[in-house]
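Please describe the arrangement of the main elements in this model, beginning with the burial of one helix and then turning to the sheet and the surroundings of the ligand.

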Amino acid sequence: MNIKNICCIGAGYVGGPTMAVIAKQCPNIKVTIVDINEARIAAWNSNNFDALPVFEPGLAEIVKETRGRNLFFSTDVNKAIDEAEMIFISVNTPTKTYGKGKGMAADLKYIELCARQIAQVAKEDKIVVEKSTLPVRTASAIKSILDNTGNGVQFQILSNPEFLAEGTAVQDLLFPDRVLIGGDTATNEGQKAVQSLVEIYTNWIPKAQVLTTNLWSSELSKLTANAFLAQRVSSINAMSEICEKTGADVREVSKAIGMDSRIGSKFLNASVGFGGSCFQKDILNLVYIAKSYGLDEVADYWEQVIIMNEHQKNRFSDNIVKTLYNTVSGKNIAFLGWAFKKDTNDTRESPAIKVADNLLNEQALISVFDPKVVEERIYADLEYLNSRDPQENRTLLSVKKDQYQACHNVHAVAILTEWDVFKTYDWQKIYNGMQKPAFIFDGRGVLDKTLMETIGFTYYKIGSGN
Ligand code: NAI
């Protein structure tokens with residue numbers, strides 16, 4: 001089937017960039033992205049391209065090129081479903097915060113609402129594509145809803161998990177390592193649906209890189225990919241603590257093992273911990289699935305990746321308190337970076353949030369500067385933890401417009417995100433404006449130790465033993 005009209009439900013960090021790139025690479029396909037969040041859609045439609053809801057290098061240019069041509073943003077979900085031959089579901093699938101599986105299972109209520117809405121609206125056959133990350137076997141639940149509440153039309157369900165990384169989304173979408181499409185391998189209709197999605201991607205991706213599998217392999221591959229990636233980070237972070245105790249340097253260890261072709265060099269940067277909306281939620285989901293099949297050892301194995309990550313965040317803040325003579329009460333600490341990684345404005349599960357919360361519990365005064373994260377997002381992240389009164393968060397933590405303001409008169413600077421621009425700052429000027437002794441806690445290992453010590457800083461770099 002030659003697809004001419006696509007709809008994507010969910011205009012977030014995945015729906016926005018993936019559909020913008022499809023629109024760019026397939027000018028003959030009309031792509032409509034819909035969302036119930038009116039403010040988000042208004043921001044996607046705004047002419048202020050610096051304030052799109054998602055910051056990704058190169059994204060604003062693509063939106064500029066395609067919006068109004070064959071890319072449209074709308075809140076009219078029903079109309080977009082009705083018009084589309086293929087519907088991508090790209091809504092959020094957070095960890096459940098209530099009921100059975102609370103704190104672990106994926107909350108599929110948004111997915112189910114989409115399925116019910118599609119079932120209600122569809123008057124012709126549709127292909128429904130799972131773009132969201134879902135527990136293995138979700139496609140059968142979606143199919144059951146569509147088949148039992150629909151208007152007698154035929155639905156094909158495909159799984160097409162997204163492997164983009166925030167911060168490099170556009171490059172990842174233009175030149176993916178592979179695209180994965182799972183479908184019903186038992187029927188002709190299922191295979192036809194798979195082929196129609198293959199044809200969209202092969203407009204710009206070599207056919208050999210478009211893999212097709214059965215539905216369950218595809219769904220499980222996404223959870224597996226995130227579990228493996230997060231596990232590498234927790235593994236190198238575990239080594240970073242041993243490095244600090246033994247005088248080894250985790251960057252040297254990482255380089256030495258990364259050159260082993262069996263291991264490879266990516267995802268071996270020690271840090272204050274991984275963040276982002278996916279790693280933790282997807283591993284917890286995997287742990288929950290394993291437990292539900294009675295696979296306790298498998299569940300424990302993967303859960304340790306999360307436990308290590310929590311430990312890494314806590315030991316970073318503990319080290320700050322210990323180094324600052326066992327008390328940070330009333331002391332000023334600057335945070336450079338709040339996003340969970342560089343080149344994104346996304347802060348979900350950012351280690352900065354937990355580190356800040358720990359230090360606020362110790363009555364520290366924190367001033368934050370991040371090049372892309374807005375003030376209200378930072379307060380919202382803290383309020384979500386519910387650790388203290390929102391007003392107290394605003395009293396203890398302030399958000400600054402630039403790095404020099406944030407670092408002025410502080411006892412210590414903590415680096416929480418690896419923004420490249422931090423390396424270019426005038427560190428002598430920052431040192432001059434600080435309390436002495438002036439401490440830096442480099443949670444991302446971005447600064448040069450010798451230079452910092454020459455300026456006069458007492459400098460701690462994660463994973464670096466003395
Ligand atoms: P997001 O929270 O940025 O966006 C989801 C959007 O869906 C929101 O704007 C929300 O308003 C909208 N939405 C929810 N229910 C809706 C409904 N019934 N009708 C219309 N719109 C609705 O989430 P994000 O980050 O884009 O993630 C989406 C999915 O993609 C998740 O399953 C996630 O695990 C997965 N994923 C995320 C990646 C990432 O880097 N953020 C990477 C790969 C997969």
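In this predicted model, helix α8 carries four names on its list of buried residues, A193, V194, L197 and I200. These residues cover an arc of only 115° around the axis, which puts them on the same side of α8. The general geometry fits such a pattern, since an α-helix has 3.6 residues a turn, so residues three or four places apart point the same way. Helix α8 spans residues 188-201, and its 14 residues reach 20 Å from the first C-alpha to the last, close to the 20 Å expected at 1.5 Å a residue.

Strand β4, residues 86-89, is covered on both faces, with M86 and F88 buried on one side and I87 and I89 buried on the other. Its pairings are set out below.

| Partner of β4 | Sense | Bridges | Residues opposite |
|---|---|---|---|
| β1 (residues 5-9) | parallel | four | I9 and I89 |
| β5 (residues 126-130) | parallel | four | V128 and I87 |

Between β4 and β5 the chain passes through α5, and this β-α-β crossover is right-handed.

Helix α5, residues 109-121, also takes part in the surroundings of the ligand, where it supplies three residues, the largest share of the shell. In total, 27 residues surround the ligand, and the closest are G10, G12, V14, S132 and T133. By character, the shell divides into 13 nonpolar, 10 polar and four charged residues.

How values were computed: Residues numbered from 1 in each chain as written. Predicted model: local features only at pLDDT ≥ 70, side-chain atom pairs only at ≥ 80, totals over all residues. Near = placed C-beta within 6 Å. Helix = DSSP H or I, 4+ residues; strand = E, 2+ residues; numbered from the N terminus. Nonpolar A, V, L, I, M, F, W, Y, C, P; charged D, E, K, R; others polar. Buried ≥ 20, exposed ≤ 12 C-beta atoms within 10 Å, placed from the backbone. Pairing = 2+ DSSP bridges. Right-handed = clockwise from strand over helix to strand, strands pointing away. Expected span 1.5 Å × (residues − 1). Arc of directions from axis to C-beta.
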